[in-house]
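Here is a short guided tour to read with the sequence and the coordinates open beside you. We begin with the whole chain and then move to a few of its parts.

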Amino acid sequence: MPVRADFPGVLELLTHAVESVGGAEREGQVQMADAVGRAIRTGEHLAVQAGTGTGKSLAYLVPAIRHAVEKEKTVVVSTATIALQRQLVDRDLPRLAKALKKPLGRTPTFAILKGRRNYLCLHRLDSGAPDDPEDQQLFDPFAVSRMGKEVTRLREWSSDTETGDRDELVPGVTDQAWRQVSVTARECLGVAKCPIGTVCFAEKARAEAGRADVVVTNHALLAIDALQGYQVLPEHDLVIIDEAHDLVDRVTSVATGELTSAMVAVAARRCGKLIDADIADSLLESGDGLALLLDDLPSGRMDELPRPLTGALPAIRDAAHHCIKALGSDRKEDLDGATARKLARSLLDEVHDTAVRLLEAFDQDQAHQRDVVWLANDQFSNNPRPPALKVAPLGVAGLLRERVFNLNTTVLTSATLTLGGNFDTMARQWGLPPGQAKVVKAEGTATDKAPPADTDDKDGPKWTGLDVGSPFDHKRNGILYLAKHLPPPGRDGLAKSTMDELAELIEAAGGRTLGLFSSMRAAKQAAEAMRERLEHPILCQGDDSTSLLVRKFSDDPRTCLFGTLTLWQGVDVPGPSLQLVVVDRIPFPRPDDPVSSARQRAVEARGGNGFLTVAATHAALLLAQGTGRLHRSVSDRGVVAVLDSRLANARYGGFLRASLPPFWPTMDPQVARDALRRLDAAAPA
């Protein structure tokens, strides 16, 4: 389609959009919008670090919408969290569509698209879920009763909902209940065969997405689109990945396989009435054998295939293959028969393919392994599950390069992308060659140097890194206090000296404290100790729903909130209720975490620094996210206190500190406490 001679430019549209929504244009926002527009024109990929308050959603949506309307192409915007999806679909895009209608000549359109399992399946609701023992054997009578009530509620909701989207059901239901009324892509009959295909919620969402200028989705569906051999997302030539710091973990999660004895039993039961009983019984027996073996094996990472599994996994693989062969291809049959065959085939394929993948994971030496295998055994946890063999990729860089960067112009953005002061680390995880980046540093940012050249990847995708900084004056409004004098954290919980330091800081702040802990055990220990020593209310994650706890914390400036991972990334409390962020220890991954430990070992097997590449990178990302909780508006002031002396004393401390916002640093506890007292005195009563 020829370009209109009078088609407005990106910056002209941005100015118009900002004025229309009643905002103020920001330097970082303008820089980012201009860079996104340039990436769209040149086809070069772009990574943008844009601090909180930059207005980055408008900075990428305006040039994306312009491109979609001008070229009549669909743009995909991917996020990690439901909260950001809702912000884009419920607030940002409707306002922009209205604001840009006149300059673009028509109203831009948008849609949200999720995986099929997120939508109610009317056929499943009508025909009923299969009688799977996997669900029944894990339920106590109370859970069964609760699930029945939830399914009844879902039936009533199906008559009212226009979208069938699970996220619109408030309050929600358990995963077990939702599985009774939904299907995976593998289990779906397909719109042509399904008797209710013409009113299918998932198909309606896909059709709407296919007509939209902008499609908002999540990293999981983006990964599925890359992993599967068929198209999930509409045709597009531009992908914008917001919350890009979470991309690798989300893709890894989607690419992780699982095999349990219950899965094998369900697969055998589903196909039992469709094929020769002896063939199905063979699969069932192999699953029973797996159950006995897994009960006796230790949990954790498997560096070698345990001898008992050298017979069990091939038996399951071969038995599943025989069942698939006996089941045959799709045939003309009644609807019930087609449904039963589809459900059986989908699970048989999963059992067979996972068994194959588990066996192939041990074919290579450590330096060349692609997958890590471990046994997860949660039978004695608060949420018990039977033992499960799991297999996950050691890296997803190759997948992202081949199936995302090589196919579409891609923009990646987040408030935390420059770990250690540059884009090097994240680029390697994504599959982009660091040496090919032209890194642009905006004034006042933490980015202090371009990543070193990678001479082994000269032909990789071309991209640019841009750090547009933040509208917040971190050095003037924030202090980074490093408790250099404290002993390094141990394995026996928080030391008395650490507890004393925590109490003194909270007292100086007058409450107003978000405590970010590396484990729930540490958070609860600190909460109990502070409740005994201080008069300020102390909330702890797990006392109530996280959203309610955050609301209570925000409403009462004297309240403190302690918690773990969810709070590191999910708390947005501007104003005087939050003036002190405390981190108990550097959030390295657990030494027994199978994926991170295997990735670390693989790097070392290739001659690299596994600790810095994997463990320190993981910690840097979380530290950057956690310390970023302090400044959520331009008027916020306060102190970030890290009670782990290794951040000040260890050799890797410089890398971690370079990943944080550029706060004013101090190692003097009196300086930190005096600043907190002044802020407390100046805060509104």
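## The chain as a whole

Burial is a good place to start: 54% of the 685 residues of the chain count as buried. Please keep in mind that this is a predicted model. In secondary structure, the chain has 27 helices and 19 strands.

Along the principal axes, the C-alpha atoms occupy a box of roughly 80 × 70 × 55 Å. The radius of gyration is 27 Å, which agrees with the value near 26 Å that a compact globule of 685 residues would have. Contacts tell of long-range links too: among those with a separation of 6 or more, 77% are between residues 24 or more positions apart. On the outside, the chain exposes about 31,100 Å², and carbon and sulfur atoms supply 49% of that area.

## Strand E5 and its neighbours

Let us look next at strand E5, residues 238-241. Which of its faces are covered? Both are: Leu238 and Ile240 are buried on one side, and Val239 and Ile241 are buried on the other.

E5 pairs with strand E2 (residues 75-79) through 4 bridges, and the two run parallel. In this pairing, valine 75 stands opposite leucine 238 of E5. E5 is also joined to strand E10 (residues 409-414), again in parallel and by 4 bridges. Here isoleucine 240 has valine 411 in E10 as its bridge partner.

## Helix H11

Further along the sequence comes helix H11, residues 247-254, whose buried residues are Leu247, Val248, Val251 and Thr252. Why do these four lie on the same side of H11? They cover an arc of only 125° around the axis, and that puts them there.

## The cysteines

How many disulfides does the structure hold? The count is 0. For cysteine 188, the closest cysteine sulfur is in cysteine 200, and at 6.1 Å it is too far for a bond; a disulfide would need the two sulfur atoms within 2.5 Å. Cysteine 560 is in no disulfide either, with the sulfur of cysteine 540 as its nearest, 12 Å away.

Are cysteine 188 and cysteine 560 buried or exposed? Cysteine 188 is buried, since its relative accessible area is 17%, and the cut-off for buried is under 20%. Cysteine 560 counts as buried as well, at 0%. The table sets the two side by side.

| Cysteine | Nearest cysteine sulfur | Distance | Relative accessible area |
|---|---|---|---|
| Cysteine 188 | Cysteine 200 | 6.1 Å | 17% |
| Cysteine 560 | Cysteine 540 | 12 Å | 0% |

Technical notes. Residues numbered from 1 in each chain as written. Predicted model: local features only at pLDDT ≥ 70, side-chain atom pairs only at ≥ 80, totals over all residues. Heavy atoms only, no water. Buried < 20%, exposed > 50% of the residue type's maximum accessible area, 1.4 Å probe, protein only. Arc of directions from axis to C-beta. Pairing = 2+ DSSP bridges. Rg over C-alpha atoms; globule rule 2.2 N^0.38 Å. Contact = heavy atoms within 4.5 Å. Areas by Shrake-Rupley, 256 points an atom, 1.4 Å probe, with all protein chains shown as cover.
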